[in-house]
Amino acid sequence: MKQLLITGATSGIGLQLAKDYAADGWHVWGCGRHGIALGGIDNVTPLAFDITDKQAWQQAAAQVAEQSLDLIMLHAGTCEYQQIEQFDGDSFARVINTNLTSIGYCLQFLLPKLKPGAQLALTGSAVIHLPFARAEAYGASKAAIHYLAQSLQRDLLTQNITVSEIQPGFVATPLTAHNDFNMPWLMSVEQASARIRQGLARRKQIIAFPRRLLWTLKLIAHLPITWQQRLLAEHPRGD
Ligand SMILES: NC(=O)c1ccc[n+]([C@@H]2O[C@H](COP(=O)([O-])OP(=O)(O)OC[C@H]3O[C@@H](n4cnc5c(N)ncnc54)[C@H](OP(=O)(O)O)[C@@H]3O)[C@@H](O)[C@H]2O)c1
């Protein structure tokens, strides 16, 4: 049985990925604080812990100890918007720790468990193509993941390990349910999971979707800065 370890497996896109890989016959180690969400799914072993806790990562790695992994998906994430009138440093740290620092702990304890020829996937976001208002923490964490994925790819080449960066557009999940702005080309978790699994099966290094959103963001990013600011003036403050 192929072995997948995925963070963020207890909700949204990650929960759908865990279900789909398990249905395809993989054994899934599903991480998330609310492991109960994974109860009763065949082929899924929940690992309930907080990914910002380094010791908890060490313990989780010990549970996986006997297995070599075919795929690690570092998919967990959170989003908290800033109010620029009162920048919240604790909120900033929470987002960076969850989305980025946790990846460092995982790499420390689990990278040695990847088989030669295995795959590593990091979930970033389409947001990196264009800076949005209020998204200072979220966008910075995802931009860092973009660099991290490319750097890891260089280092892991000799072990024939493919690193993929996943850049989803808007997907309907509990994370986006509270967004107070228009989300063009919103996708379902089933659609997102299908795109991600297809990209990983092809060992693509960048898995970005939907294309219409990506091209729109890239196009706007190429306009003069003042035009971009005018175009995005209403987005996504919503307050
Ligand atoms: N939805 C979108 O439109 C969209 C777009 C671009 C990128 N993404 C990225 O896709 C990923 C999943 O997003 P989603 O929309 O599916 O979100 P979601 O439904 O809110 O799921 C987030 C997952 O992350 C886990 N998580 C968060 N903080 C954690 C912590 N401290 N310790 C352990 N697990 C933690 C949650 O598990 P517990 O709560 O059980 O701990 C949950 O399983 C994120 O990286 C997000 O940035 C989403």
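Let's start at the ligand: one of its oxygen atoms sits 2.5 Å from an N or O atom in the side chain of threonine 173. Please keep in mind that this is a predicted model. Two backbone contacts join the picture. A ligand oxygen is 2.9 Å from a polar backbone atom of isoleucine 13, and an oxygen of the ligand is 3.4 Å from a polar backbone atom of glycine 12. How much of the ligand's accessible area does the protein cover? On its own the ligand has 870 Å² of accessible area, and the protein covers 93% of that.

Now the shell. Around the ligand there are 29 residues, and the closest are Thr10, Ser11, Arg33, Tyr138 and Thr173. Two helices to look for on your screens are α1, residues 12-23, and α4, each of which supplies at least two residues of that shell.

While we are on α4, have a look at tyrosine 147, which lies in this helix. Buried or exposed? Tyrosine 147 is exposed, as its relative accessible area is 63%. Its C-alpha is 9.7 Å from the C-alpha of glutamate 165, and the two residues are 18 apart in sequence.

Next, the interior. As a general point, nonpolar side chains in soluble globular proteins tend to be buried together. Here, the largest nonpolar core has 30 residues, and Leu5, Trp57, Ile72 and Leu120 are those with the most contacts inside it. Which elements give two or more residues to this core? They are β2 (27-31), α2, β4, α3, β5 and α4 (136-156). The largest share comes from α3, with five residues. Apart from this core lies another one of 26 residues, with Trp26, Leu38, Ala121 and Ile166 among them.

Let me zoom in on leucine 5. Beyond its neighbours within four places in sequence, leucine 5 is in contact with ten partners I'll read out in full: Trp29, Cys31, Leu47, Trp57, Val64, Leu69, Leu71, Ile72, Met73 and Leu110. You will recognise Trp57 and Ile72 from the list of residues with the most contacts inside the largest core.

Trp57 takes us to helix α2, which spans residues 54-63 and has Ala56, Trp57, Ala60 and Ala61 as its buried residues. These four cover an arc of only 140° around the axis, so they are on the same side of α2. On the other side of α2, Gln55, Gln59 and Ala62 are exposed. The general reason for such a pattern is that an α-helix has 3.6 residues a turn, so residues three or four places apart point the same way. What covers the buried side? The cover over the buried residues of α2 includes β1 (3-6), β3 (44-47), β4 (69-74) and α3 (89-110). At the start of α2, a side-chain oxygen of aspartate 53 comes to within 3.0 Å of the backbone nitrogen of glutamine 55.

Two polar residues deserve a moment too. In helix α3 we find threonine 98, which is buried because its relative accessible area, 19%, falls under the 20% cut-off. A polar atom of the threonine 98 side chain lies 2.9 Å from the backbone oxygen of arginine 94. Outside its neighbours within four places in sequence, threonine 98 is in contact with Ile51, Thr52, Gly77 and Thr78.

The other one is glutamine 119, in strand β5, residues 114-123. Glutamine 119 counts as buried at 11% relative accessibility. Setting aside neighbours within four places in sequence, its contacts are Asp70, Leu71, Ile72, Leu114, Ile161, Thr162, Leu200 and Arg203.

Last, some backbone geometry for those of you who like torsions. The peptide bond from phenylalanine 209 to proline 210 is cis, with omega near -10°. Proline 210 belongs to the loop between β7 (206-209) and α6 (211-221).

Then there are two positive phi values. Asparagine 43, which is not a glycine, has a phi of about 70°. Asparagine 43 is in the loop between β2 and β3, and is partly exposed, with a relative accessible area of 29%. Tryptophan 185 has a positive phi near 55° and is also a residue other than glycine. Its place is the loop between β6 (162-168) and α5 (189-201). With a relative accessible area of 33%, tryptophan 185 is partly exposed.

Thanks for listening!

Technical notes:
Residues numbered from 1 in each chain as written. Predicted model: local features only at pLDDT ≥ 70, side-chain atom pairs only at ≥ 80, totals over all residues. Heavy atoms only, no water. Buried < 20%, exposed > 50% of the residue type's maximum accessible area, 1.4 Å probe, protein only. Contact = heavy atoms within 4.5 Å. Arc of directions from axis to C-beta. Polar contact = N/O pair within 3.5 Å; in protein donor to acceptor, adjacent residues only side chain to side chain. Core = buried A, V, L, I, M, F, W, Y, C linked by side-chain atoms within 4.5 Å. Near = heavy atom within 4 Å. Areas by Shrake-Rupley, 256 points an atom, 1.4 Å probe, with all protein chains shown as cover.
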